[in-house]
Amino acid sequence: MSDEFVFGWHAVEAVLKREPERLQRVWIQTGRQDRRVKTVTVALDELGVSWQLVHRRELDERVAGVHQGVVAQVGKSQEWSEADLLALLDGADKPPFLLVLDGVTDPHNLGACLRTADAVGVQAVIVPKDKSASLTPTARKVACGAAETVPLVRVTNLARTLRELQERGVWLIGTAGEADSSLYQADFRGPVALVMGAEGKGMRRLTREHCDLLINIPMLGHVDSLNVSVATGVCLYEALRQRQG
Ligand SMILES: C[S@@+](CC[C@H](N)C(=O)[O-])C[C@H]1O[C@@H](n2cnc3c(N)ncnc32)[C@H](O)[C@@H]1O
């Protein structure tokens, strides 16, 4: 049995739907008899996955986070490699629409970015292997199921991956508060990767140097920057607006 857990209804239902083979055991809080519990337990029975009704206390001890009364023990998800990413891009029938997170370390931010990435149709989220949040149970919970729908590609050398994307005609749009162009001047309609920086320091120098364009999100008040997941949401929805138009 693995020591990886997924919790919260959206996250568990997403594994059930997308990667049911990963489910090993499920615990559900006693006292719930709604339709959601029924649907999930019937599906688990059909798959032959064992599940158990337990007291809330037991769930609290198993995971640190808001579990909403459901916790699943799951096998490791298959990690996407750079080769998988390039194969995905080569086989795609739509222009690439990617998100790069250069050193986002907070699992809440990773989860929130994945959730928005799923909502706007981003094909993959790319992160460097080192100094980045991984798909912890908290990240999966915050992602609300998007951790199971949006491939997370962990690469050893982000600069090299960025070059490979550029060679495939992907335009790298980096974000930085001090950039001269505004988000609203950028053209997101073609093959693009939006590049976001880390919570504290922003993008690393080499990442920034690879970007074809740097954009800012206008800030009219007294604070210097937005939370990275909020900034990601603002930029991805502008991109979606243009791509749909
Ligand atoms: C909290 S900010 C980092 C602030 C950091 N002090 C810096 O100099 O970049 C984290 C990331 O969110 C994005 N971001 C936040 N506010 C932004 C803004 N006003 N314009 C563009 N990007 C922004 C950028 O990707 C940034 O690297």
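The following conversation asks on what grounds the elements, buried residues and cores of this predicted model are described as they are.

Reader: How do you know that the chain has more than one domain, and where do the bounds lie?

Author: The domain assignment of the chain gives domain 1, covering 4-74, and domain 2, covering 82-244. Taken over C-alpha atoms, the centres of domain 1 and domain 2 are separated by 31 Å, and the two are in contact through 15 residues of domain 1 and 8 residues of domain 2.

Reader: What makes strand 2 and strand 3 a pair, and in which sense do they run, parallel or antiparallel?

Author: Two strands pair if at least two bridges are found between them, and strand 2 and strand 3 (residues 50-54) have 5 bridges in the parallel sense, so they count as a pair. One of these bridges has Arg25 with Ser50 in strand 3 as its partner. Between the two strands the chain passes through helix 2, and this β-α-β crossover is right-handed.

Reader: Which residues of helix 1 are buried, and what covers them?

Author: In helix 1, residues 9-18, the buried residues are Trp9, Ala11, Val12, Ala14, Val15 and Leu16. Their cover includes strand 1 (4-7), strand 2 (23-29), helix 2 (35-47) and strand 4 (70-74), and also helix 6 (137-143).

Reader: Why is the sheet of 7 strands called open, and which strands are at its edges?

Author: The 7 strands form an open sheet with parallel pairing, in the order 7-6-5-10-8-11-9. The edge strands are strand 7 (152-155) and strand 9 (181-182), each of which pairs on one side only.

Reader: How do you know that strand 8 pairs with strand 10 and with strand 11?

Author: The requirement is at least two bridges; strand 8, residues 171-175, is joined to strand 10 by 4 bridges and to strand 11 by 3 bridges, so both pairings meet the requirement. In each case the strands run parallel. On the strand 10 side, Trp171 stands opposite Val192 and Ile173 stands opposite Leu194, while in strand 11 the bridge partner of Thr175 is Ile215. Strand 8 is also mostly covered, with 4 of its 5 residues buried.

Reader: Why is Val125 called buried, and what is it in contact with?

Author: A residue is buried when its relative accessible area is under 20%, and Val125 has 0% relative accessibility, so Val125 counts as buried. Val125 lies in strand 6. Leaving aside neighbours within four places in sequence, Val125 is in contact with Leu99, Leu101, Leu114, Ala117, Val150, Pro151, Leu152 and Val153. Val125 and Gln24, by contrast, are 26 Å apart in space, C-alpha to C-alpha, and 101 residues apart in sequence.

Reader: Which residues of the largest nonpolar core touch the most other members, and which elements contribute?

Author: Of the 35 residues in this core, those that touch the most other members are Leu99, Leu101, Leu110, Leu114, Val122, Val125 and Phe188. Two or more residues each come from strand 5 (97-101), helix 5 (107-120), strand 6 (124-128), helix 6, strand 10 (192-196) and helix 9 (228-244). With 6 residues, helix 9 gives the most to this core. Another core, of 18 residues, lies apart from it, and Val153, Leu162, Val195 and Cys211 are among its members.

Reader: What does Leu99 touch, beyond residues up to four places away in sequence?

Author: Leu99 touches Cys113, Ala117, Val122, Ala124, Val125, Ile126, Leu194, Met196, Thr232 and Leu236.

Reader: Which residues does the UniProt annotation "binding site" cover, and how do you know that they cluster in space?

Author: The annotation, which comes from an unreviewed UniProt entry, covers Gly197, Ile217 and Leu226. They are spread over 30 residues of sequence, yet the largest C-alpha distance is 13.2 Å, and on that basis they cluster in space.

Reader: Why are Gly197 and Ile217 called buried?

Author: The limit is again under 20% relative accessible area. Gly197 has 9%, so Gly197 is buried, and Ile217 has 16%, so Ile217 is buried as well. Gly197 is in the loop between strand 10 and helix 8 (205-210), whereas Ile217 is in the loop between strand 11 (213-216) and helix 9. Not counting residues up to four places away in sequence, Gly197 touches Asp102, Val104, Thr175, Gly202, Met203 and Val228. With that exclusion, Ile217 touches Leu183, Leu226, Ala231, Val234 and Cys235, and Leu226 is itself covered by the annotation.

Definitions and conventions: Residues are numbered from 1 along each chain as its sequence is written. This is a predicted model: local features need pLDDT of at least 70, side-chain atom pairs count only at pLDDT 80 or more; totals for chains, interfaces and linings use all residues. Side-chain values use heavy atoms; hydrogens and water are left out. Buried means under 20% relative accessible area, exposed over 50%, partly exposed in between (1.4 Å probe, protein chains only). Contact means heavy atoms within 4.5 Å. A nonpolar core is a set of buried Ala, Val, Leu, Ile, Met, Phe, Trp, Tyr and Cys residues joined through side-chain atoms within 4.5 Å. UniProt positions are given in the numbering used here, feature names are shortened, and annotations may be inferred rather than shown by experiment. A crossover is right-handed if, with the strands pointing away from the viewer, the path from the first strand over the helix to the second runs clockwise. Domain bounds come from an automatic or database domain assignment.
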